[in-house]
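Thanks for sharing this one. Here are a few friendly notes on how the two chains meet, best read with the structure open.

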There are 2 protein chains.
Amino acid sequence: MLEKIDLSQKVRKKDYKKEKDELEVRLGLLQRQAVDLGIPVAVVFEGWDAAGKGTLINELILPLDPRGFTVQSTFEPTEEEALRPFLWRFWTRTPARSKIVVFDRSWYRRVLQERVDGHLSRTQVVQAFDDIQAFERQLADDGTVIIKFFLHISKKEQKKRFEKLRKSRSTRWRVTKDDLERHKHYGDYLTATEDMLAETDSEYAPWTVVEAHDRRFATLKIFRTFIDTIERAIASAARKKGRKSAPGRQPRTKKASVLSKIDLSKALERAEYRERLKERQEQLRELLYDIYRKRLPVVIVYEGSDAAGKGGNLRRLTQELDPRGYEVIPIAAPNDLEKSHHYLWRFWMQMPKAGHMAIFDRSWYGRILVERVEEFCSEKEWRRAYREINEMEQHLSNFGTVVLKFWLQIGRDEQLRRFKERERLPHKRWKITEEDWRNRKKWSQYEAAVHEMLLRTSTRWAPWTIVESNCKWYARVKVLDTVVEAISARL
Amino acid sequence: MLEKIDLSQKVRKKDYKKEKDELEVRLGLLQRQAVDLGIPVAVVFEGWDAAGKGTLINELILPLDPRGFTVQSTFEPTEEEALRPFLWRFWTRTPARSKIVVFDRSWYRRVLQERVDGHLSRTQVVQAFDDIQAFERQLADDGTVIIKFFLHISKKEQKKRFEKLRKSRSTRWRVTKDDLERHKHYGDYLTATEDMLAETDSEYAPWTVVEAHDRRFATLKIFRTFIDTIERAIASAARKKGRKSAPGRQPRTKKASVLSKIDLSKALERAEYRERLKERQEQLRELLYDIYRKRLPVVIVYEGSDAAGKGGNLRRLTQELDPRGYEVIPIAAPNDLEKSHHYLWRFWMQMPKAGHMAIFDRSWYGRILVERVEEFCSEKEWRRAYREINEMEQHLSNFGTVVLKFWLQIGRDEQLRRFKERERLPHKRWKITEEDWRNRKKWSQYEAAVHEMLLRTSTRWAPWTIVESNCKWYARVKVLDTVVEAISARL
């Protein structure tokens, strides 16, 4: 999902100055409270070469009391360090109570650089992820707040920055041969990074991807994330100590940068639509028999904005299929029996057997969409859900299941047009309720939830496909294309 | 550590009847409270064939309200089940709120039978452990209480039971060819079981090994464990709901069955001692150079009863060694700086580099020994520590470190003799304090803590060696033997 992120976001100088001043004051205040409560904080900065780690770390620490933090730079392990297990040099540098340690690169070097360089066996990669998970869980259980930033720039931007640095004599030295070598393998690092984000994102040590093309935008995002996280930790620590604290609040809405980049004007003409639809439907019909013969399990998830056209899209997917080979599973609010189990239970009940295709019309993602926004579950529960969902999908994938997830997106105006049409046309009126209008008012909250979902649950083993759905024809063909290609690749 | 467990423990019929009646009443009461609070409970029974799973499950469920539980038997997966990921059939059978599900064999089949039968690749074994950990964590996070029993009998006992069953025509059918085949590979299963215990023991889903030679002993142990666990869950759930509940109490002291079996009369004569000591010390001296040349890291841990002779033993280990190659790290109570970090931090600071040997005189095990018994840390903290320690040692081992741990044990009478001697002899008087006498009074609490430590932290990658230390000479040679052999095997 990283390459889908909108990196063009900018903050104007004037706006920047104002918000930053305000945030800096809060930052100083929060640090004092955290010190008072004895909270240790570990901040990790990872990201591309030339993404501006140094500058951004500086921005973050300037407003802090210098007695309260240190910055630890992680280079190649020294000779001393290489003679010890890889976590040793990080364990020994973990923050004491009331202290902040900022890691300029970190233990993730192991699963990025060392992995891409081919220094690790497959078993060692698995072990490294296990070790990192245990390390962060142990610290978090002990009360350490862990904040992890990944500074993201595109390959093109990286190239541009390297070129600029090399032009001037005073900065030329900053671009090393290794940097240029790594730039060539940007794609390999991208894959490793996405694996890392998926494997080590947890409720107690979540990743924040920072769009780092615009320094001001990145600075503010880092400030806000830092402040939100510390505020929650302070509230929780204060609760534990029986002190009064401000009531927990919904985290600040973040700009939905994955969605803002997509091109909703994508469309198909009727003739092309008809032709491609027919062709793909026939291909899928044949593939479904292969799925059965080769005992391949397939799980397809439909999620999307209200009125994005899920139903019609899904019908086009299944129209030509042998009904013995697939099942459509509509998901509504859980019933009493379902409520009395873990929220994933009812989806487990429905998982297809090998050789079958299950299509979920809405899904377990309700937890981090509607249940999150409407507060049907606690914040703790939805924060935990990203990891639980990734684990479930990984389990499916380990078994050999093809997992495909579609997010159908329409623009806000288009939604309004469709809502009104539904009200106007008698045969569509049943489709629109008061609730739809209420949800629409929460557009930006939903957008933030969708953004976070796409970013944190798009994995190598279960990727999301964003389907631009202003044009229904385009959307239907895109889903069919994706399904046919993914399944063909696996047969 | 499984083969070290004392399986000879018996309960007399009279005592049994009385305690069981009392426990059954409490069981019924607790079930009603758990129902009231909506607590789901998952109970796992694993163990050797013929260990008496059926009988013991029956004992447990008889006092329960039959509307509140079901028993799920786990056989070979059915055709339907085999077509889905291995956790599917367990996810779908997880208990609803207020319900108890007893699993007669369980998801652990994957890492026992299927693993030993060679159906899994190494990667699949690692994945299976990951999947199981995630599964149990997800249930526990959702409020499910997980209780796991492993019913343990020796190979000899198993053989005896099979023979008895085969003698009678009415029971002959119960011993299958597969059973006998598995009996032959008892050793392989033992290894797989120890791995399983080490990899999947957690604070939220701990294992209890049940000595199952004597049905009455096993029944009472299962009852007590079940009751303790549910009581803790009820107290915690009640706290969350803001209800008053009885204050948390130390878990009932369990019989220290690992320790009760060891033969403290083991001894050496002076002449043999001298000869073997000298020989081993010289061997170790040479090995230490090899350790350096081959860059092998070695960690040795000394723990033991007060006055068990740790100091003298350790001196004999290092007497002939080149001081540049090893370091002795005495561990006392943590200082302020150390207290301001995770409790493992100060040990991480001291980990030896490759090519060196670090000998810890007392260690991170303080957390689950003295800190547990003296309540220097919270119950939550020491319960978490078993897993944290296993993870740390596994990390060391993945790096290639040889980790050896010695528990020096003396009898209670012998301790008294040594304490008195220390008081009598002026040059030994500094060794004895009021605290030693106080600790001695808590002998059985310490014994229970040691038992649990040995059982839960003796792993393939970092095994415990119990050193019978009533005879100091014997103890010193045993440690040297073990160290020399373990290191030789790795060079």
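1. A word on terms before we begin: a crossing is called left-handed if the near helix is turned anticlockwise from the far one by less than a right angle, and right-handed if clockwise. In this predicted model, α17(A) passes α6(B) in a left-handed crossing.

2. The geometry of that pair is worth a look. Helix α17 of chain A (residues 379–398) and helix α6 of chain B (residues 122–141) have axes 10 Å apart and pack at an angle of about 145°. From α17(A), the contact uses A:R384, A:E388, A:E391, A:H395 and A:N398, while α6(B) brings B:Q127, B:D131, B:A134, B:Q138 and B:D141. Sorted by class, this helix contact holds five charged, four polar and one nonpolar residue.

3. Now to the interface as a whole. Chain A and chain B put 39 residues each into the contact. On the chain B side, two or more residues come from each of α4 (88–91), α6, α15 (345–348) and α17 (379–399). The largest share belongs to α6(B), with nine residues. By class, the side of chain B that touches chain A has 17 nonpolar, 11 polar and 11 charged residues.

4. Finally, how are the copies related? Chain B superposes on chain A by a rotation of 180° with 0.0 Å of shift along the axis, at an RMSD of 0.1 Å. The two copies are therefore related as by a two-fold rotation axis. In chain B, B:T123 has the C-alpha nearest that axis, 3.6 Å from it. Both copies use the same surface, as 100% of the contact residues of chain B recur in chain A.

Key. Residues are numbered from 1 along each chain as its sequence is written. Chains are lettered from A and ligands numbered from 1 in the order in which they are written. This is a predicted model: local features need pLDDT of at least 70, side-chain atom pairs count only at pLDDT 80 or more; totals for chains, interfaces and linings use all residues. Copies are superposed by least squares on the C-alpha atoms of residues with pLDDT of at least 70 in both. Two residues are in contact if their C-beta atoms, placed from the backbone, lie within 7 Å. Axes are lines fitted to C-alpha atoms, for helices over the stretch in contact, and angles run from 0 to 180 degrees between N-to-C directions. Helices (H or I, at least four residues) and strands (E, at least two) are DSSP runs, numbered from the N terminus. Ala, Val, Leu, Ile, Met, Phe, Trp, Tyr, Cys and Pro count as nonpolar, Asp, Glu, Lys and Arg as charged, and the others, Gly among them, as polar.
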